[in-house]
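The following exercises ask the reader to work through helix faces, burial and side-chain contacts. Each task is followed by a solution in steps.

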Amino acid sequence: MTRAALTPLTRGRQITGPERDQIAAQLKDRYAQGASIRDLMVQTGRSYGWTHRLLRQSGKCVRGAGVLS
């Protein structure tokens, strides 16, 4: 399965509505496939905190440090 690259997001721009929901779904899927929050952070160009918060708000349980499953 080929994963399309996440489009880097402009820093400082608020992401809301359907765009935020779409990004959250993409991040949730990639995280479930084993990507780390730091990987997702680099791919989107956003901060660790923003990425972590979006995953939590999407309903995804965040793995503990060093946990791969």
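**Exercise 1. Determine which residues of α2 are exposed and which are buried, and how the buried ones are arranged.**

Solution. Step 1: on one side of α2, Arg38 and Val42 are exposed; exposed means over 50% relative accessible area, buried under 20%, and partly exposed in between, with a 1.4 Å probe and protein chains only. Helices are DSSP runs of H or I with at least four residues, strands are runs of E with at least two, and both are numbered from the N terminus.

This is a predicted model, in which local features need pLDDT of at least 70 and side-chain atom pairs count only at pLDDT 80 or more, while totals for chains, interfaces and linings use all residues. Residues are numbered from 1 along each chain as its sequence is written, and side-chain values use heavy atoms, with hydrogens and water left out.

Step 2: the buried residues of α2 are Ile37, Leu40 and Thr44. They cover an arc of only 65° around the axis, and therefore lie on the same side of α2; the arc is that of the directions from the helix axis to the C-beta atoms.

Step 3: the cover over these buried residues includes α1 and α3, where cover is judged by contact, that is, heavy atoms within 4.5 Å.

Step 4: just after α2, Gly45 has a positive phi of about 80°.

**Exercise 2. Account for the position of Thr44 and list the backbone atoms that its side chain reaches.**

Solution. Step 1: Thr44 is found in helix α2. Its relative accessibility is 1%, so Thr44 counts as buried.

Step 2: the Thr44 side chain reaches the backbone oxygen of Met41 at 3.3 Å. The same side chain also reaches the backbone nitrogen of Arg46, at 3.4 Å. The criterion is that of a polar contact: a pair of N or O atoms within 3.5 Å, where within protein one must be able to donate a hydrogen and the other to accept it, and residues adjacent in sequence count only if both atoms are side-chain atoms.

**Exercise 3. Analyse α3 in the manner of Exercise 1: which residues are buried, and why do they line one face?**

Solution. Step 1: α3 spans residues 48–57, and its buried residues are Trp50, Thr51, Leu54 and Leu55. Seen down the axis of α3, these fall within an arc of 130°, so they line one face of the helix.

Step 2: Arg56 and Gln57 are exposed on the other side of α3.

Step 3: the cover over the buried residues of α3 includes α1 (17–32) and α2 (37–44).

Step 4: Gly59, with a positive phi near 95°, follows α3.

Step 5: for Trp50 in particular, the relative accessible area is 9%, so the residue is buried. Apart from its neighbours within four places in sequence, Trp50 is in contact with Leu9, Ile15, Arg20, Ile23 and Leu27. The C-alpha atoms of Trp50 and Ile37 are 9.9 Å apart, with these positions 13 residues apart along the chain.

**Exercise 4. Compare the surroundings of Arg30 and Tyr31.**

Solution. Step 1: Arg30 is placed in helix α1, and Tyr31 is also found in α1.

Step 2: Arg30 is buried yet has no salt bridge, and the nearest side chain of opposite charge, Asp29, is 7.6 Å away. A salt bridge is a side-chain nitrogen of Lys or Arg within 4 Å of a carboxyl oxygen of Asp or Glu; Lys and Arg count as positive and Asp and Glu as negative, while His and the chain ends are not counted.

Step 3: the Arg30 side chain does make a polar contact with the side chain of Gln43, at 3.0 Å.

Step 4: Tyr31 has 3% relative accessibility and therefore counts as buried. Beyond its neighbours within four places in sequence, the contacts of Tyr31 are Ser36, Ile37, Leu40, Leu55, Lys60, Cys61, Val62 and Arg63. Val62 is 31 residues from Tyr31 along the chain, and their C-alpha atoms are separated by 8.7 Å.

**Exercise 5. Summarise the whole chain: how many helices and strands are there, and what share of residues is buried?**

Solution. Step 1: the secondary structure comes to 3 helices and 0 strands, running α-α-α from the N terminus.

Step 2: of the 69 residues, 26% count as buried.

Step 3: among contacts between residues at least 6 apart in sequence, 64% join residues at least 24 apart.
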